Amino acid sequence: MTANDNAGMSGNGLAMAVLNAIQNPVVMVDANGHIAFANWEAEAFFGASASHLARYRISTFIPFGSPLLSLIEQVRERRAPVNEYRVDLSSPRLGQEKLVDLYVAPVLSQPGNVVVVFQERSMADKIDRQLTHRAAARSVTGLASMLAHEIKNPLSGIRGAAQLLETAVTDEDRALTRLICDETDRIVSLVDRMEVFSDERPVDRQSINIHSVLDQVKAVAKAGFARNIRITENYDPSLPPVFANRDQLVQVFLNLVKNASEAIGERSDGEIQLTTAYRPGIRLSVAGSREKISLPLEFCVHDNGPGVPSDLLPHLFDPFITTKTNGSGLGLALVAKIIGAHGGIVECDSQTSRTTFRVLMPMSKDTALEDAPPSTSTGTN
């Protein structure tokens with residue numbers, strides 16, 4: 001083998017390494033419509049190895065009549081790249097929510113071959129929704145401050161008057177004064193919960209082992225509201241510390257696990273799974289600056305309940321949104337506020353018998369400065 005051959009092999013290896021490092025699925029489709037190349041993300045996207053993908057035309061793996069096929073033909077004819085946004089590739093093979101942006105370009109050195117880059121919209125859309133949730137939480141902050149001043153003070157007067165009346169009325173009317181006291185107490189309790197949103201003090205954070213937090217949450221749940229539900233863990237034992245407030249993280253995951261247990265209800269096969277993983281590649285812009293925060297730590301709460309109604313899912317973290325008969329709709333809004341204050345995001349994916357609440361957060365500052373990324377090996381406790 002000549003020096004030039006060695007250089008060519010080295011160049012091919014470098015090109016493969018670059019393509020496999022890209023966090024988006026990339027495939028090359030040859031002139032006959034077969035998948036001539038697929039990077040690692042494409043293998044995950046299509047749920048098949050590159051060697052398996054190469055046996056078939058790309059039309060085998062996408063919905064019948066998909067716009068992608070016409071885009072490939074258009075690029076071949078015009079020999080110029082095209083972009084198409086929000087293309088629905090949902091199917092039983094790829095999943096029920098596969099909305100992607102497409103970039104299709106010709107391979108000029110190989111006529112008839114085209115490269116297709118898939119940009120999944122789900123994460124971008126969820127981050128957009130998370131920023132909307134933060135704005136909604138800020139709206140509740142102003143409302144909570146107003147309520148504390150304008151409602152709690154008059155309520156204390158109403159309750160005091162009802163207590164005075166209670167001593168001077170008949171037994172029949174005393175039930176009405178008791179009702180007044182109970183209802184004023186209920187409203188005060190609701191306002192107290194809303195006042196949490198008006199706390200804008202900086203969060204006191206430090207390096208936290210998320211697994212110790214989740215173990216505490218599991219112990220509390222098994223001792224109370226989830227005593228009849230199986231709770232399992234699938235933790236990454238090499239996960240670095242999260243930069244967070246421990247008490248607030250306990251509150252977040254207690255809320256999520258409690259929601260999961262209430263969704264499961266009395267099912268005899270009810271199960272909640274807690275998982276942790278390292279997911280590089282998610283970065284969030286900081287408002288008012290050019291800084292981007294990396295969110296590689298993923299913590300999930302999965303349940304096999306009936307799922308979240310599709311019409312409710314986009315608004316799930318908005319205040320006063322709830323499916324519970326007597327719920328206030330503030331639990332998940334508080335979760336979104338706490339995680340947002342930590343610089344992270346929270347999202348929900350839901351299908352029948354599989355609902356996942358996913359929290360993405362930054363690493364501890366000391367860990368983030370290390371040169372080598374942590375291992376992604378996974379263990380089960």
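Here is a walk through the fold, from the overall picture to two helices, a strand, a couple of loops and a cavity.

Keep in mind from the start that this is a predicted model. The protein has eleven helices and 14 strands. Of its 381 residues, 40% count as buried. If you take the contacts between residues at least 6 apart in sequence, 65% of them join residues at least 24 apart.

Let's start with helix H8, which runs over residues 210-223. Its 14 residues reach 20 Å from the first C-alpha to the last, close to the 20 Å expected at 1.5 Å a residue. Which residues of H8 are buried? They are Ile210, His211, Val213, Leu214, Val217 and Ala221. Looking down the axis of H8, you'll find these buried residues within an arc of 155°, so they line one face of the helix. As for what covers them, the list includes the strands S6 (206-208), S7 (230-234), S8 (242-244), S9 (271-278) and S12 (297-303), along with helix H9 (246-264).

His211 is worth a stop on the way. This histidine sits in H8 and counts as buried because its relative accessible area is 12%, with the cut-off at under 20%. Leaving out residues up to four places away in sequence, His211 touches Tyr235, Asp236, Pro237, Leu239 and Thr276.

Now step over to H9, one of the elements covering the buried residues of H8. With 19 residues at 1.5 Å each, H9 should span 27 Å, and its end C-alpha atoms are indeed 27 Å apart. The buried residues here are Leu249, Val250, Val252, Phe253, Leu256, Val257, Asn259, Ala260, Ser261 and Ile264. Asn259 and Ser261 are thus among the buried residues of H9, next to names such as Phe253 and Leu256. What do the buried residues of H9 pack against? Their partners are H8, S8, S9 and S12, plus helix H10 (331-341) and strand S14 (354-361).

Earlier in the chain, have a look at Val116 in strand S5, residues 114-120. How accessible is Val116, buried or exposed? Its relative accessible area is 0%, so Val116 is buried. Apart from residues up to four places away in sequence, this valine touches Pro25, Val26, Val27, Val29, Leu68, Ile72, Leu102, Tyr103 and Val104. Ala105 is eleven residues from Val116 in sequence, and their C-alpha atoms are 6.7 Å apart.

Two loop residues come next, on either side of helix H4 (67-78). Thr60 lies in the loop between helix H3 (50-53) and H4, and is partly exposed at a relative accessible area of 38%. Its C-alpha is separated by 9.9 Å from that of Gly33, 27 residues apart along the chain. Arg79 belongs to the loop between H4 and strand S3 (82-88). Arg79 has a positive phi of about 50°, although it is not a glycine. With 43% relative accessibility, Arg79 counts as partly exposed.

Arg79 also leads us to the last stop, as one of the residues lining the second largest cavity. The structure holds two cavities of 30 Å³ or more, and the second largest contains about 40 Å³ of space. Its lining is made up of Arg76, Arg79, Pro106, Val107, Gln110, Pro111, Gly112, Asn113 and Val114. Sorted by class, that gives four nonpolar, three polar and two charged residues.

Methods. Residues numbered from 1 in each chain as written. Predicted model: local features only at pLDDT ≥ 70, side-chain atom pairs only at ≥ 80, totals over all residues. Heavy atoms only, no water. 1 Å grid on protein atoms, 1.4 Å probe; cavity = no way out; pocket = protein on both sides within 12 Å on 5 of 7 lines; lining within 4 Å. Points joined across faces, edges and corners; volume = space filled by probe spheres on them. Nonpolar A, V, L, I, M, F, W, Y, C, P; charged D, E, K, R; others polar. Helix = DSSP H or I, 4+ residues; strand = E, 2+ residues; numbered from the N terminus. Buried < 20%, exposed > 50% of the residue type's maximum accessible area, 1.4 Å probe, protein only. Expected span 1.5 Å × (residues − 1). Arc of directions from axis to C-beta. Contact = heavy atoms within 4.5 Å.
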